[in-house]
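Could you walk me through this model in the viewer, one selection at a time? I am new to it and would like to know what to look at next.

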Amino acid sequence: MKRFKIMKRKSFHALAILTSFIAVLYSCSKDQAAEPESPGNEEVTAENVSYNNFAGALFQTKCAGCHAAGGGASGRWTFSDYNSVRSNGTRINNVVLVTGTMPLGGSLSTNEKALLKAWFDRNMPEQ
């Protein structure tokens, strides 16, 4: 009888962990399919890419589901504005462009990756 209770408890813990993982994965991936849009009619290029015309919207649509205040990964990194993104620039560049481990449950288009790389190469301008 004691062995059955231990097995039942382990099964419950495994189910709870699996459910938590699925919930975090789902919350991080919703709304990540939409491409961020540039404000105004300005075409964003590698030469003029900035936080205000591209990167801010990218982080909002692809990262804020987890990395905004109260999000599933907000304990690790919280991206709430330009300064919070800029202060984590090296880490962001590494996990998005070098290792490709972020965004979880989603991905960036070839164009988004190219513009984000250009933004980092331009030293992350705000405007």
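In this tour, helices are DSSP runs of at least four residues, numbered from the N terminus. With that in mind, select Ser 80, in the loop between helix H3 (64-67) and helix H4 (82-87). Is Ser 80 buried or exposed? Its relative accessible area is 60%, so Ser 80 is exposed. Now add Phe 59 to the selection: the two residues are 21 apart along the chain, and their C-alpha atoms are separated by 9.1 Å.

Before going further, colour the model by confidence. This is a predicted model, with a mean pLDDT of 77 for the protein chain and 66% of its residues at 70 or more. Among the elements, helix H6 (residues 110-121) has the highest mean pLDDT, 97, and helix H1 (residues 2-29) the lowest, 47. Over residues 15-35 the pLDDT is below 50, and this stretch has 20 contacts in the model beyond near neighbours in sequence. Where pLDDT is low, the predicted coordinates should not be read in detail.

Next, show helix H2 (residues 51-62) together with H6. Their axes come within 11 Å and cross at roughly 125°. An angle like this falls outside the parallel, antiparallel and perpendicular ranges, so H2 and H6 are oblique to each other. The crossing of H2 and H6 is left-handed. To see the contact, pick Tyr 51, Phe 54, Ala 55, Leu 58, Phe 59 and Lys 62 on H2, then Glu 112, Leu 115, Leu 116 and Trp 119 on H6. Eight residues of this contact are nonpolar, two are charged and none is polar.

Now step back to Ser 50, in the loop between H1 and H2. Here the relative accessible area is 2%, so Ser 50 is buried. Which residues does Ser 50 touch, leaving aside neighbours within four places in sequence? Ser 50 is in contact with Ala 55, Trp 119, Arg 122, Pro 125, Glu 126 and Gln 127.

For the last stop, keep H6 on screen and add helix H5 (residues 89-98). The axes of H5 and H6 are 11 Å apart, and the helices pack at an angle of about 155°. Angles over 145 degrees count as roughly antiparallel, so that is how H5 and H6 lie to each other. The crossing of H5 and H6 is left-handed. Select Gly 89, Ile 92, Asn 93, Val 96 and Leu 97 in H5, which meet Lys 113, Leu 116, Lys 117 and Phe 120 in H6. In this contact five residues are nonpolar, two polar and two charged.

Methods: Residues numbered from 1 in each chain as written. Predicted model: local features only at pLDDT ≥ 70, side-chain atom pairs only at ≥ 80, totals over all residues. Heavy atoms only, no water. pLDDT = per-residue confidence, 0-100. Helix = DSSP H or I, 4+ residues; strand = E, 2+ residues; numbered from the N terminus. Contact = heavy atoms within 4.5 Å. Axes fitted to C-alpha atoms, helices over the stretch in contact; angles between N-to-C directions. Parallel < 35°, antiparallel > 145°, perpendicular 65-115°, else oblique. Left-handed = near helix turned anticlockwise from the far one by under 90°. Nonpolar A, V, L, I, M, F, W, Y, C, P; charged D, E, K, R; others polar. Buried < 20%, exposed > 50% of the residue type's maximum accessible area, 1.4 Å probe, protein only.
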